[in-house]
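Q: Could you take me through the reading of a structure feature by feature, giving the general idea before each case?

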Amino acid sequence: MDLHILAHRLRVTSISKSGLQNYTHPLIKLIFLRNRTRCKFFSLTETPENYTVVLDEEGFKELHPSEHLQVECSTWLPLNVVSNGNASSSSQAVGVTKIAKSVIAPLAEQHVSVFMLSTYQTDFILVREKDLSVVIHTLAEEFSIFREEDGESVPVHSQDACNAHHSTVHPVMIPQNQFCVMSLDPDTLPGIATTLIDVLFYSNRFPADLLFTSSSGELWRMVRIGGQPLGFDECGIVAQISQPLADSDISAYYISTFSFDHALVRNHYTHILSLYLFSTQAI
């Protein structure tokens, strides 16, 4: 397998619920008017507390400073695991589970904090730019590593690095919401723009009854990690959740946000995960 270090330099930000109206124009521009901005990487996740926006440096310029905007100070680089020239996939486990043993666990052992963004087709593992040498050294034996430069994939060689390791067990909860994991062709965005704007800007709460269906109609449940905001310095959080799921071959998507982490597992696996999490918290 290959590990690609993408060319984007990303910032992780948070917009408060009360301040969302101050960012209506830049967010609409970034989501629906891609030809009006040079932003090439954009992700928005709503949680009950805030909106997490991850975007590259060009997109970050669109977000004006204010009391409603929090910005994590580090610059993050997205990594992508590729197999046989395509985004890694499996007929069984998908999402973060498929890279738990090869990427997530080794980085946790080297005290490298990661920020996960699972999508319908691939998983982006964000690491701090300052940790890149440790990442390359840690994963060089498992992967052929490439870095994007001027649109070309350039081989990267291992560099000596070392670090320490520690982890903390965090409380978790499983809300009753059910979700579908789906993908949208960017060309279809104009046709659903009104619906998305309504959900984003005119909903006063996290919509529990809104469900977009995918072709499979498969339902997923969310596991929320953290009783207090997790911060960005601790490592091993993703590994604590993804490793046992990988051992049991249970698919999971994983979404990190500014304050908390969230894992999605298929609905019929929720009881298995609940038993595991209960036993882990009791230890």
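The dialogue that follows takes up one feature at a time.

Q: What kind of model is this, and which atoms do the side-chain values use?
A: This is a predicted model, in which local features need pLDDT of at least 70 and side-chain atom pairs count only at pLDDT 80 or more, while totals for chains, interfaces and linings use all residues. Residues are numbered from 1 along each chain as its sequence is written, and side-chain values use heavy atoms, with hydrogens and water left out.

Q: How many disulfides are there, and are Cys 39 and Cys 73 buried or exposed?
A: A disulfide is a pair of cysteine sulfur atoms within 2.5 Å, and by this rule the count is 0. For accessibility, buried means under 20% relative accessible area, exposed means over 50%, and partly exposed lies in between, with a 1.4 Å probe and protein chains only. Cys 39 counts as buried because its relative accessibility is 12%, whereas Cys 73, at 68%, counts as exposed.

Q: Where is Asp 123 placed, and which side chains does it join in polar contacts?
A: Helices (H or I, at least four residues) and strands (E, at least two) are DSSP runs, numbered from the N terminus, and Asp 123 has its place in strand β9, residues 123–128. With a relative accessible area of 4%, Asp 123 is buried. A polar contact is a pair of N or O atoms within 3.5 Å; within protein, one must be able to donate a hydrogen and the other to accept it, and residues adjacent in sequence count only if both atoms are side-chain atoms. The side chain of Asp 123 is joined in this way to that of Lys 98 at 2.7 Å and to that of Ser 118 at 2.5 Å. Contact in general means heavy atoms within 4.5 Å, and, leaving aside neighbours within four places in sequence, the residues in contact with Asp 123 include Leu 79, Asn 80, Gly 95 and Met 116.

Q: Is Ser 14 buried or exposed, and which side chain does it join in a polar contact?
A: Ser 14 lies in strand β2, residues 10–16, and is buried because its relative accessible area is 2%. A polar contact of 3.3 Å joins the side chains of Ser 14 and Asn 50. Beyond the neighbours within four places in sequence, the contacts of Ser 14 include Tyr 51, His 68 and Phe 258.

Q: Which residue far along the chain is Glu 148 in contact with, and how is the separation of their C-alpha atoms given?
A: Glu 148, found in strand β10 (residues 144–149), counts as partly exposed at 31% relative accessibility. Ala 7 is 141 residues apart from Glu 148 along the chain, yet their C-alpha atoms are separated by 5.2 Å. Leaving aside neighbours within four places in sequence, Glu 148 is in contact with Ile 5, Leu 6 and Ala 7, and its side chain reaches the backbone nitrogen of Ala 7 at 3.4 Å.

Q: How do helices α1 and α5 cross, and which residues make the contact?
A: Axes are lines fitted to C-alpha atoms, for helices over the stretch in contact, and angles run from 0 to 180 degrees between N-to-C directions. The axes of α1 (residues 24–32) and α5 (residues 189–201) come within 12 Å and cross at roughly 145°. Among the residues that make the contact are Leu 27, Ile 28 and Ile 31 of α1, together with Ala 193, Leu 196 and Ile 197 of α5.

Q: How many residues of helix α3 are buried, and what covers them?
A: Helix α3, residues 100–109, is mostly covered, since 8 of its 10 residues are buried, including Val 103, Ile 104 and Leu 107. What covers the buried residues includes β6 (76–83), β8 (114–118), β9, α4 (132–139) and α6 (237–247).

Q: Which residues other than glycine have a positive phi, and where are they placed?
A: Most residues other than glycine have a negative phi. His 111 takes a positive phi of about 60° just after α3; this residue has its place in the loop between α3 and β8 and is partly exposed, with a relative accessible area of 22%. Asp 249 likewise has a positive phi, near 60°, and sits in the loop between α6 and β15 (252–256), where it counts as partly exposed at 33% relative accessibility.
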